[in-house]
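Got your viewer open? Let's take a walk through this one together, a selection at a time.

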Amino acid sequence: MNYDSAAATGTLSQPKAKLRAKKERQALPVRLAKLKPYLYLLPVMLSIAYWIYRPLIQTFRLSFYEWNLLPTSAEKYVGMKNFRNIVTLPEMGTALLNTLIYTVGVIPFALIIPIAIAIMTDNIGKRSKNMYRALIFLPMIMAPVAVSSVWRWIMHPTNGILNQTLQSWFGLAEPIRFFSDAKWAIWSITFITGWKLIGFSTLIFSAAMTGINREYYEAAKIDRASRWQIVRHITLPLLSPTILFMTMLSTLFASEWSFSYVNVLTQGGPLGSTTNIYYLLWKYGFQTFSVGWSSAAAVLIFIGFGIIALGFMKLTRKLSFFDD
Amino acid sequence: MHLTSARRNKLSASTISKHAVLVALSFLAIFPLYWMIVTSLKSEGEIFNASLLPHHWTFDHYKMAWDSIPMARMLGNSIGVSLLQTICQVVTSILAAYAFTRWDFRGSSLIYGLIGLTWLVPFQVIMIPNYVVISNFGWRDTLTGLIVPNIVSAFAVMQLYNAFKSFPKALIEAARLDGASDWSILWRTVFPNLKASIASIGILLFITSWNDYFWPLLVTTKMEHSTIQKGLQMFMSSEMNLWGPLMAATTIASLPVLILYLLLQRQIIDSFVKGGLR
């Protein structure tokens with residue numbers, strides 16, 4: 001890095017004078033050249049404008065209308081009615097509560113267990129480390145549908161290996177109906193979401209651990225700090241940017257990640273017990289075709305998660321002095 | 001003497017516990033995959049017993065899965081969509097990353113910010129308007145409809161921007177003094193040197209697009225026009241209890257990504273860990 005900037009300033013001074021002379025001679029080509037960066041950016045700009053920002057604005061607009069997705073039917077302006085309706089729906093309350101459960105439920109898998117494992121297994125031999133990395137990362141690259149299919153088989157009430165094992169080890173009287181029992185379903189989905197994430201998080205924290213300067217540990221050991229004191233006063237504070245990053249990711253995306261498992265495994269049931277806010281959007285949009293409701297809920301989600309994200313970004317900036 | 005041996009014992013105990021934890025985590029991670037493959041190879045009579053290896057190895061389930069859904073067609077669709085989408089995403093993000101790092105221009109940070117902010121827009125928030133557009137274009141049940149909305153990846157732009165930023169400016173300047181145009185500087189100077197990082201981002205994009213399920217779920221209705229993920233889900237909901245063929249179909253759907261992972265796990269892990277989730 002240092003060497004480029006030094007080299008660049010060295011070579012820049014000379015051509016700059018030439019460039020100025022050129023600029024006066026060829027006004028038009030220079031003006032065209034000014035457009036160049038925009039031309040290179042054109043595909044990206046057009047695509048995100050058309051496929052992300054346009055629909056975002058349309059969702060805001062549709063949240064004030066009543067419409068059933070049929071091209072032949074007219075959109076009817078209803079003002080704030082959609083918002084009033086959805087916030088008073090009991091379904092909405094359940095979905096929000098479930099969203100909170102997914103978000104909190106994923107924290108052990110995204111943060112607590114990975115941090116503990118990363119700290120415990122720091123300093124392991126390089127060879128075995130690479131092997132473990134390759135194994136524990138595997139769930140991350142699996143497709144959510146494939147993951148759902150496999151877990152549905154493993155967690156099948158009567159024929160699944162999990163219930164068979166639990167029954168033979170603990171002598172359960174009845175098999176656990178992981179996906180059709182309203183008490184269990186949301187935890188099963190949370191577990192699968194977490195299962196996919198846990199190896200990835202562990203690797204993120206291990207990578208952050210290797211970035212910590214060993215001298216701090218040596219100094220602490222000379223001061224006769226206990227293992228826990230070292231973790232509490234050195235490791236965790238130095239990991240805090242990574243902890244914050246993973247907390248942000250899991251807070252913002254836990255429900256989005258669980259969406260595919262909900263859709264494939266439970267369709268929001270039993271009795272709405274696994275429906276989270278994203279699944280509710282989906283249901284309103286493509287099952288009951290109440291586009292207005294779906295859009296109004298989408299607007300609320302977008303604003304809600306946007307505020308959370310901004311909060312996290314502020315916190316990150318505040319905490320960034322820990323990066324050394 | 002006494003002290004060192006005590007210490008060594010302690011050390012090995014902690015090493016053992018480290019390995020125990022990691023073995024447990026590895027087991028949790030790979031057992032479902034193992035179980036998927038083993039189930040798919042067991043004979044019909046054995047599926048319901050919990051033996052860890054099949055007694056009679058059979059490919060019958062694969063044959064059945066292959067025959068009962070248009071597997072070849074869906075695999076072809078998935079390969080086509082994932083490849084084309086990845087190529088488009090890589091090319092568009094190379095152009096964008098080059099623009100951001102090569103020139104200082106008005107609005108560059110605003111544009112970069114707008115690209116970066118897209119990760120705050122969940123798919124479910126924008127799905128209805130996009131679905132309406134695709135329907136109006138008559139692109140439902142077409143590969144075009146699957147690919148076109150995804151030709152740009154904000155994640156790829158940001159990742160490549162970081163890679164391009166670290167490219168020595170002096171080399172670009174040298175090429176420019178040799179009379180190379182900006183276009184040829186990009187493809188003859190910058191691109192060949194950054195091939196490795198571009199390739200690893202490309203692999204990540206391919207995996208993401210292979211695994212994608214939401215968009216095909218919306219845009220396609222028939223298996224013949226769909227990707228393998230959507231097909232697998234349809235197979236799952238129609239054949240509730242054919243566990244053998246279902247696990248065979250699941251294995252087939254996962255195979256390309258698993259093979260890629262087997263060959264390139266180091267790069268794949270690194271690019272995921274570096275890039276976070278999106």
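How far apart are the end C-alpha atoms of residues 96–314 of chain A, and how much of the span is helix or strand? Select that stretch and check: the two end C-alpha atoms are 25 Å apart, and the span is 78% helix and 0% strand. UniProt, in an unreviewed entry, lists residues 96–314 of chain A as "domain: ABC transmembrane type-1". Keep in mind as you go that you're looking at a predicted model.

**Stop 1: where the chains meet**

Now color chain A and chain B separately and look at the contact between them. Chain A puts in 97 residues, and chain B puts in 97 residues. About 8900 Å² is buried between the two chains, with carbon and sulfur atoms giving 77% of that area. Next, pick out A:Tyr40, A:Trp51 and A:Trp153: this trio supplies 10% of the area that chain A buries against chain B, more than any other three residues.

Polar contacts are here too: 18 residue pairs make them across the interface of chain A and chain B. For the side of chain A that touches chain B, select helix α2 (residues 27–62) of chain A, which brings the largest share, 20 residues. Sort that whole side of chain A by class and you get 72 nonpolar, 18 polar and 7 charged residues.

**Stop 2: salt bridges across the interface**

How many salt bridges cross the interface of chain A and chain B? There are 2, while the structure holds 9 over all chains.

Show the side chains of A:Arg133 and B:Asp270 to see a salt bridge with an N to O distance of 2.9 Å. A:Arg133 sits in helix α5 (residues 126–141) of chain A and B:Asp270 in helix α12 (residues 243–275) of chain B, so this pair joins two chains. Is A:Arg133 buried or exposed? A:Arg133 is buried, at a relative accessible area of 18%, whereas B:Asp270 counts as partly exposed at 34%.

Then jump to A:Lys36 and B:Asp182, another salt bridge, whose closest N and O atoms are 2.7 Å apart.

**Stop 3: inside chain B**

Stay with chain B and select B:Arg176 and B:Glu173. Their salt bridge brings the closest N and O atoms to 3.0 Å. Why are they about one helical turn apart? Because they are 3 residues apart in helix α8 (residues 169–177) of chain B. B:Arg176 is partly exposed, at 28% relative accessibility, and B:Glu173 is buried, at 11%. While you're looking at salt bridges, add B:Arg102 to your selection: shared partners link A:Lys36, B:Arg102 and B:Asp182 into one network.

Now try B:Asp67 and B:Lys63, a salt bridge with its closest N and O atoms 3.1 Å apart. These two are 4 residues apart in helix α2 (residues 60–68) of chain B, so about one helical turn separates them. Both B:Asp67 and B:Lys63 are exposed.

**Stop 4: a tyrosine in a strand**

Finish back on chain A with A:Tyr77, which lies in strand β2 (residues 76–77). A:Tyr77 counts as exposed because its relative accessibility is 56%. Which residues does A:Tyr77 contact, leaving aside its neighbours within four places in sequence? Select A:Phe64 and A:Tyr65 to see them. Last, draw a line from A:Tyr77 to A:Lys34: the two are 43 residues apart along the chain, and 45 Å separates their C-alpha atoms.

Definitions and conventions
Residues are numbered from 1 along each chain as its sequence is written. Chains are lettered from A and ligands numbered from 1 in the order in which they are written. This is a predicted model: local features need pLDDT of at least 70, side-chain atom pairs count only at pLDDT 80 or more; totals for chains, interfaces and linings use all residues. Side-chain values use heavy atoms; hydrogens and water are left out. Contact means heavy atoms within 4.5 Å. Buried area is the accessible area (1.4 Å probe) that two parts lose on being put together, summed over both. A salt bridge is a side-chain nitrogen of Lys or Arg within 4 Å of a carboxyl oxygen of Asp or Glu. A polar contact is a pair of N or O atoms within 3.5 Å; within protein, one must be able to donate a hydrogen and the other to accept it, and residues adjacent in sequence count only if both atoms are side-chain atoms. Ala, Val, Leu, Ile, Met, Phe, Trp, Tyr, Cys and Pro count as nonpolar, Asp, Glu, Lys and Arg as charged, and the others, Gly among them, as polar. UniProt positions are given in the numbering used here, feature names are shortened, and annotations may be inferred rather than shown by experiment. Buried means under 20% relative accessible area, exposed over 50%, partly exposed in between (1.4 Å probe, protein chains only).
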